[in-house]
Amino acid sequence: LSLFSNFVMNTETLIALALIFPAIYFSKWVDWEDPDNLLILRVVYFLAQSVILAICYVIYMKIKRTSEGRKIVVPVTDLFSNKQTPKTETISTKEYDKRECNNLIKEILISVGVLSLLHLLYSYHTSLFVHLFVAPVRLYGNKLFQIYILGKSGPEYERPFKSENQLAKLMDQMKDISNQGLGEKTQKKKKKSTRPSDKMIEKIRSSSKK
């Protein structure tokens with residue numbers, strides 16, 4: 001109960017879950033050996049990714065037309081590992097949005113490249129089919145899309161953005177619960193296993209006293 005009381009799914013996660021499982025189930029019924037089906041999948045997939053990249057370009061152009069905005073303090077990201085460092089820097093909200101948009105475009109291009117490679121080399125058709133639905137959902141859940149395309153605003157859209165993967169959070173909590181369950185089982189086994197030995201020790205002590 002504590003798992004579900006402490007966890008609140010956002011809209012992006014709910015839509016993604018609602019699409020992923022039916023997509024996986026439906027892909028099993030598609031004959032991917034048919035060249036026509038493969039051609040349709042590839043054309044639709046790359047058209048969808050092209051539309052997503054076009055939307056990202058629109059977002060970037062809208063960011064460029066905005067004012068510099070207020071100054072914010074953000075952690076410095078390492079260029080090679082792409083991880084945040086303890087160092088910080090002060091930039092404008094406009095510069096922050098431009099960086100976030102560039103990161104979004106990079107993520108899309110990397111995912112498209114990796115999935116395309118897996119699809120061509122190892123015939124990972126299902127992954128390509130599922131990503132066809134997941135990619136638009138991820139774009140919809142992006143804060144920049146919410147701000148510059150849907151025109152949303154509020155405290156949750158203050159820069160820097162709070163990046164939380166609710167689905168990953170749920171999985172981590174489920175792992176913790178399963179680990180706790182395993183820990184309880186091992187403790188019970190240890191207690192059961194130590195009972196005979198305790199009796200033996202008591203017998204030895206009692207015999208030595210005699």
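Helices α2 (11-27), α3 (35-64) and α5 (125-141) each supply at least two residues of a nonpolar patch. Helices (H or I, at least four residues) and strands (E, at least two) are DSSP runs, numbered from the N terminus. The patch lies on the surface and is formed by I15, L19, Y57, V58, F133, Y140, I149 and L150, with about 630 Å² of accessible area together. Patches are made of residues with over 30% relative accessible area and no salt bridge, where like charges are joined within 9 Å and nonpolar side chains (Val, Leu, Ile, Met, Phe, Trp, Tyr) within 5 Å. A salt bridge is a side-chain nitrogen of Lys or Arg within 4 Å of a carboxyl oxygen of Asp or Glu. Accessible areas come from the Shrake-Rupley method with a 1.4 Å probe, and for residues only the protein chains shown count as cover.

This is a predicted model, in which local features need pLDDT of at least 70 and side-chain atom pairs count only at pLDDT 80 or more, while totals for chains, interfaces and linings use all residues. Residues are numbered from 1 along each chain as its sequence is written, and side-chain values use heavy atoms, with hydrogens and water left out.

**Overall architecture**

The protein has 7 helices and 2 strands, arranged along the sequence as α-α-α-β-β-α-α-α-α. Of its 210 residues, 25% are buried; buried means under 20% relative accessible area, exposed over 50%, and partly exposed in between (1.4 Å probe, protein chains only). The accessible surface of the protein comes to about 15200 Å², and carbon and sulfur atoms account for 61% of that area. Contact means heavy atoms within 4.5 Å. Among contacts between residues at least 6 apart in sequence, 66% join residues at least 24 apart.

**Three residues compared**

| Residue | Helix | Relative accessibility | Class |
|---|---|---|---|
| K94 | α4 | 14% | buried |
| V58 | α3 | 38% | partly exposed |
| T13 | α2 | 8% | buried |

T13 and G141 are 128 residues apart along the chain, and their C-alpha atoms are separated by 8.7 Å.

**Helix α3**

At the start of α3, a side-chain oxygen of D34 reaches to within 3.1 Å of the backbone nitrogen of D36. The expected span of a helix is 1.5 Å times one less than its number of residues. The 30 residues of α3 should therefore span 44 Å, and the end C-alpha atoms of α3 are 43 Å apart, which agrees. The buried residues of α3 are L38, L41, Y45, A48, Q49, I52, C56, I59 and I63. Their cover includes α4, α5 and α6.

**Helix α4**

For α4, which also has 30 residues, the expected span is 44 Å, and its end C-alpha atoms lie 43 Å apart, in agreement. Buried residues of this helix include T93, K94, Y96, D97, C101 and L104. The buried residues of α4 pack against α3, β1 (71-77), β2 (84-92), α5 and α6 (143-148). Following α4 is S123, whose phi is positive, near 60°.

K94 belongs to α4, which covers residues 93-122. Its side chain reaches the backbone oxygen of K64 at 2.9 Å. Not counting residues up to four places away in sequence, K94 touches I63, K64, T66, S67 and E68. One of these partners, I63, is itself among the buried residues of α3.

Definitions and conventions. A polar contact is a pair of N or O atoms within 3.5 Å; within protein, one must be able to donate a hydrogen and the other to accept it, and residues adjacent in sequence count only if both atoms are side-chain atoms.
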